[in-house]
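Reader: I'd like a close look at one part of this protein, with enough of the surroundings to make sense of it. Here is the entry I have open.

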Amino acid sequence: MAQKNPPDREMLESMYSMLALVFILVACVELCDAATVVDVYRLIQYDISGVPFGSRLASLNHHAGSLHFSPGADLSRTVVMIPVRELNISFVKEYIYRNQPLGGLLFLLPEMFRLENESGGGSSSEVQEIQLIKNVLLELERLLIHAKVPYPVYFAFENDEIDAVLNDVKKNDATGQPATATTGGYKLVVSTAEAKKVASPTITNIQVPMQFFFVLFIKIKGWLQGLRAEGDANQLPTIAIVASYDTFGAAPALSAGSDSNGSGVVALLEIARLFSRLYSNPKTRGSYNLLFGLTSGGPYNYNGTHKWLRSFDQRLRESIDYAICLNSVGSWNNELLIHVSKPPENAYIKQIFEGFSSVAEALGFKVGLKHKKINISNPRVAWEHEQFSRLRVTAATLSELSVAPELLESTGGLLDSRHFVDETAIIRSVKLVAESLGRHIYGYQGKNINIFADNSSLAVNPSYVRSWLDLLSRTPRVAPFLSKNDPFIMALQKELADHTDEVNVQHEVLDGMFTFYDSIRARLNIYQVASVTFDLLLLLALGSYLIVLFSFLVITTRGLDDLISLFRRPPSRKVKTA
């Protein structure tokens with residue numbers, strides 16, 4: 001017969017099962033109380049010649065805090081949630097420059113800065129608030145990208161869930177009860193591996209051999225040939241139209257650069273489309289070759305343009321009459337500027353400026369001329385056209401900017417979104433460049449002839465401009481994080497192939513002085529956790545309830561004596577010796 005377990009053992013096993021149930025219930029309280037999950041975007045991490053910049057950590061697991069913390073509070077295990085609307089830039093400077101201990105930073109951006117947001121406008125008070133936010137973001141981004149930050153820094157967008165969490169955090173901090181392990185509160189967790197170096201970051205240049213030459217940090221090269229009178233078409237003079245397409249910003253996953261330099265890319269594509277129609281008919285094909293270049297590496301000293309020009313055949317380089325570089329032409333009102341390296345008295349510069357000025361006057365705005373000499377001993381270039389000038393090629397940059405951005409600044413950061421770009425400004429820029437080049441190519445300088453007149457077959461297409469601007473405004477384009485077969489690069493290649501022949505793609509390696517790290521986006525889990533005191537009280541209450549229930553069941557089924565016997569020490573047994 002099977003041997004039955006003694007009653008005492010059955011009771012003990014039941015008791016152990018109930019205690020295990022208590023621990024499971026307490027664990028469920030912790031694990032099942034997630035407040036929300038949001039997408040977050042990490043501050044860029046990179047090195048310049050081995051010097052570290054940006055955020056050096058990616059994983060996060062600390063309690064949430066706000067700017068309402070008490071003076072002298074220990075924030076070494078606190079992630080401070082900061083809406084950009086309420087940002088005190090002096091707080092960020094103090095903790096970064098003085099190496100104050102901090103668990104991390106989470107900056108909350110207004111919804112209008114989301115890449116998918118294309119709306120604009122608003123009341124005068126909203127416009128004023130937006131301008132204040134832009135000024136704060138500009139200063140914050142400049143601070144963050146040039147500092148070494150020894151803790152995780154993330155960006156997220158405001159929404160109802162995260163606003164509710166922040167309001168609770170503010171209330172707790174205002175009452176002097178910040179979130180800790182003993183008091184509870186909210187915990188912010190980003191479970192991700194630490195960032196690794198991006199191996200051999202690639203830049204793509206796009207070129208097309210048909211009279212358009214296109215460049216990216218993978219080169220795609222192509223031409224659209226001019227009318228050949230006698231001899232080889234390669235001996236015809238060439239006009240180059242160039243724009244850098246990539247970006248750089250505090251958060252690579254948010255650096256779409258609608259204006260810098262999405263507007264320049266859109267303008268170039270539309271100019272290419274217009275001239276491809278004009279050159280498709282031998283009767284209207286001009287006596288100039290046109291070279292269009294979409295270059296990468298713009299934020300990194302125009303490294304892609306440098307490599308592209310160095311790859312040119314000497315004859316091609318010598319055939320370039322002049323080059324026009326397009327940079328930030330999407331948010332200006334009454335004046336554009338032509339930046340040059342050669343003196344204004346130079347015959348080519350005079351010709352370019354006078355041609356653009358006459359067209360601008362007819363269109364109802366002004367074009368100014370700004371001269372800046374090149375310092376040959378300094379490898380740093382301020383504008384893209386300076387890479388041409390260093391090779392003795394006449395070139396100019398058309399831009400709304402009066403001063404060139406500093407290295408890695410104002411090249412598609414957080415505030416450069418679709419919300420602040422005016423497609424009408426891009427359309428006017430296209431008309432200016434296309435009409436000026438057309439009059440130069442066909443010898444119509446000084447004549448009131450509109451080659452690309454409105455309502456004609458050669459008119460600028462606003463829908464085309466808008467669609468490409470929308471795409472660029474949704475596409476972060478930081479070169480080290482764009483793969484060779486990135487859909488965006490393939491879309492540019494296809495678009496150029498529709499207007500030119502023999503599109504080729506060439507890949508180059510980014511200048512070795514720059515090192516980048518991955519982990520640019522993640523998922524943030526926000527948990528509402530109870531205090532340790534609450535957990536202990538809950539455990540005590542549940543344990544007491546189960547003990548009472550257990551005792552009641554034993555008494556009613558077996559009697560009080562059996563219950564007492566469970567806790568009575570068994571009599572000791574004497575060991576018999578031989």
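Reader: Before you zoom in, what share of the contacts in the protein with a separation of 6 or more comes from residues 24 or more positions apart? After that, please take me through the place where helix α5 and helix α10 pack, and whatever you find worth a stop along the way.

Author: Keep in mind that this is a predicted model. As for your share, 80% of the contacts with a separation of 6 or more are between residues 24 or more positions apart. The protein has 14 helices and 20 strands, and 51% of its 578 residues count as buried. About 27,200 Å² is exposed, with carbon and sulfur atoms supplying 53% of that.

A word on confidence, then. The average pLDDT is 85, and 81% of the residues score at least 70. Among the elements, strand β17 (residues 395–399) has the highest mean, 98, while strand β11 (residues 218–221) has the lowest, 47. Residues 209–222 have pLDDT below 50, yet that stretch still has 143 contacts in the model beyond near neighbours in sequence. Where pLDDT is low, the predicted coordinates should not be read in detail.

Now to your helix pair. Helix α5 covers residues 258–279 and helix α10 covers residues 423–442; their axes are 9 Å apart and meet at an angle of about 40°. That angle makes α5 oblique to α10, and the crossing is right-handed. If you want to click through the contact, α5 brings Ser 263, Val 266, Ala 267, Glu 270, Ile 271, Leu 274, Phe 275, Leu 278 and Tyr 279. On the α10 side you'll find Ile 426, Val 430, Val 433, Ala 434, Leu 437, Gly 438, Ile 441 and Tyr 442.

Back on α5, have a look at Asn 261, which sits in that helix. The peptide bond leading to Asn 261 from Ser 260 is cis, with omega near 0°. Most peptide bonds are trans, and most residues other than glycine have a negative phi. On the phi side there are two residues to check. Asn 301, in the loop between β13 (289–295) and α6 (303–310), has a positive phi near 65°. Leu 408 also has a positive phi, near 70°, and belongs to the loop between β17 and α10, so following the chain from there leads you to your second helix.

Leu 408 is worth staying with. Its relative accessibility is 3%, so it counts as buried, the cut-off being under 20%. One residue that touches Leu 408 is Tyr 46, which lies in strand β2 (residues 45–48). Tyr 46 is buried too, with a relative accessible area of 0%. Other residues that Tyr 46 touches include Phe 53, Arg 56, His 146, Phe 248, Phe 516 and Tyr 517. For a sense of how the chain returns here, the C-alpha atoms of Tyr 46 and Phe 514 are 7.2 Å apart, although their positions lie 468 residues apart along the chain.

For a contrast, try Phe 353 in helix α8 (residues 347–363). Phe 353 has 24% relative accessibility and counts as partly exposed. Leaving out residues up to four places away in sequence, Phe 353 touches Ile 338, Val 367, Gly 368 and Leu 369. Its C-alpha atom is 10.0 Å from that of Val 340, 13 residues away along the chain.

Terms used. Residues numbered from 1 in each chain as written. Predicted model: local features only at pLDDT ≥ 70, side-chain atom pairs only at ≥ 80, totals over all residues. Heavy atoms only, no water. Helix = DSSP H or I, 4+ residues; strand = E, 2+ residues; numbered from the N terminus. Buried < 20%, exposed > 50% of the residue type's maximum accessible area, 1.4 Å probe, protein only. Contact = heavy atoms within 4.5 Å. Areas by Shrake-Rupley, 256 points an atom, 1.4 Å probe, with all protein chains shown as cover. pLDDT = per-residue confidence, 0-100. Axes fitted to C-alpha atoms, helices over the stretch in contact; angles between N-to-C directions. Parallel < 35°, antiparallel > 145°, perpendicular 65-115°, else oblique. Left-handed = near helix turned anticlockwise from the far one by under 90°.
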